[in-house]
Amino acid sequence: AAALAVAASSVDAAGGEVPSGLIDELRCPFAKVWVEHGPERAAKMLGIVGEHGAAARRLAEVPQVFASCTYQHPFSGQPTCVEFRGAAWTTDTAKAKCDAPMASAKPGDFAAGSPCATIARLA
């Protein structure tokens, strides 16, 4: 005898079905709103877009780079760069962090006023 398995699903506003098991795996805290109401309505409900599709939210301005630190990642063995941004950093605090970037890492190369270089594969 053949067995019939029926999976519970949710139907989004666009008419697509999302299996309930997948809904539980979505990491976005607003996933259920997106799935239940669809992208256009959910964006309005969450305040992401305003009237006539105009952006209602703006990203905060990113503070200028105070300094950067390039060091050898102790686990991957790859060069790693960290940027220090914002007014809270001083030369002493940023240099101290660069001298001990993470557990078991060797001190990094400190560069005051310089951002991390963008490698070609990420550009």
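Q: Two strands pair if DSSP finds at least two bridges between them. Over how many bridges do β3 and β4 pair?
A: First, the naming: helices (H or I, at least four residues) and strands (E, at least two) are DSSP runs, numbered from the N terminus. β3 and β4 run antiparallel to each other, and Thr70 has Cys81 in β4 as its bridge partner. The bridge count for β3 and β4 is seven.

Q: What is the mean pLDDT of the protein chain?
A: This is a predicted model, where local features need pLDDT of at least 70 and side-chain atom pairs count only at 80 or more, while totals for chains, interfaces and linings use all residues. Residues are numbered from 1 along each chain as its sequence is written, and side-chain values use heavy atoms, leaving out hydrogens and water. pLDDT is the predictor's confidence in each residue, from 0 to 100. In this chain 67% of residues reach 70 or more, and the mean is 77.

Q: Which stretch has a pLDDT below 50, and how many contacts does it have beyond near neighbours in sequence?
A: Contact means heavy atoms within 4.5 Å. The stretch is residues 1-14, and its number of contacts beyond near neighbours in sequence is 21.

Q: Why do β4 and β5 each have one side without a neighbour in the sheet?
A: The open sheet has three strands in the order β4-β3-β5, with antiparallel pairing. β4 (79-85) and β5 (109-112) are at the edges, so each has just a single partner strand.

Q: Which helix packs on the sheet, and what angle does its direction make with that of β5?
A: Axes are lines fitted to C-alpha atoms (for helices, over the stretch in contact), and angles run from 0 to 180 degrees between N-to-C directions. The helix is α3, touching β3, β4 and β5. Its angle with β5 is about 155°.

Q: Which strand gives the largest share of the largest nonpolar core?
A: A nonpolar core is a set of buried Ala, Val, Leu, Ile, Met, Phe, Trp, Tyr and Cys residues joined through side-chain atoms within 4.5 Å. The largest one has seven residues: Ala67, Cys69, Tyr71, Phe84, Ala94, Cys98 and Ala105. β3 (65-72) and α3 (91-99) each supply at least two of them. The largest share, three residues, belongs to β3.

Q: Is Phe84 buried or exposed?
A: Buried means under 20% relative accessible area, exposed over 50%, and partly exposed in between (1.4 Å probe, protein chains only). Phe84 has a relative accessibility of 4%, so Phe84 is buried.

Q: Which kind of aromatic pair do Phe84 and Trp89 form?
A: Rings of Phe, Tyr and Trp (its six-membered ring) pair if their centres lie within 6.5 Å; planes under 30 degrees apart are stacked, over 60 edge-to-face, and the rest tilted. The whole structure has one such pair. Its ring centres, in Phe84 and Trp89, are 4.6 Å apart and the planes are at 65°, so the pair is edge-to-face.

Q: How far apart in space are the C-alpha atoms of Val62 and Gly86?
A: Val62 is in the loop between α2 (31-45) and β3, and Val62 is exposed at 54% relative accessible area. Along the sequence, Val62 and Gly86 are 24 residues apart. In space, their C-alpha separation is 8.4 Å.
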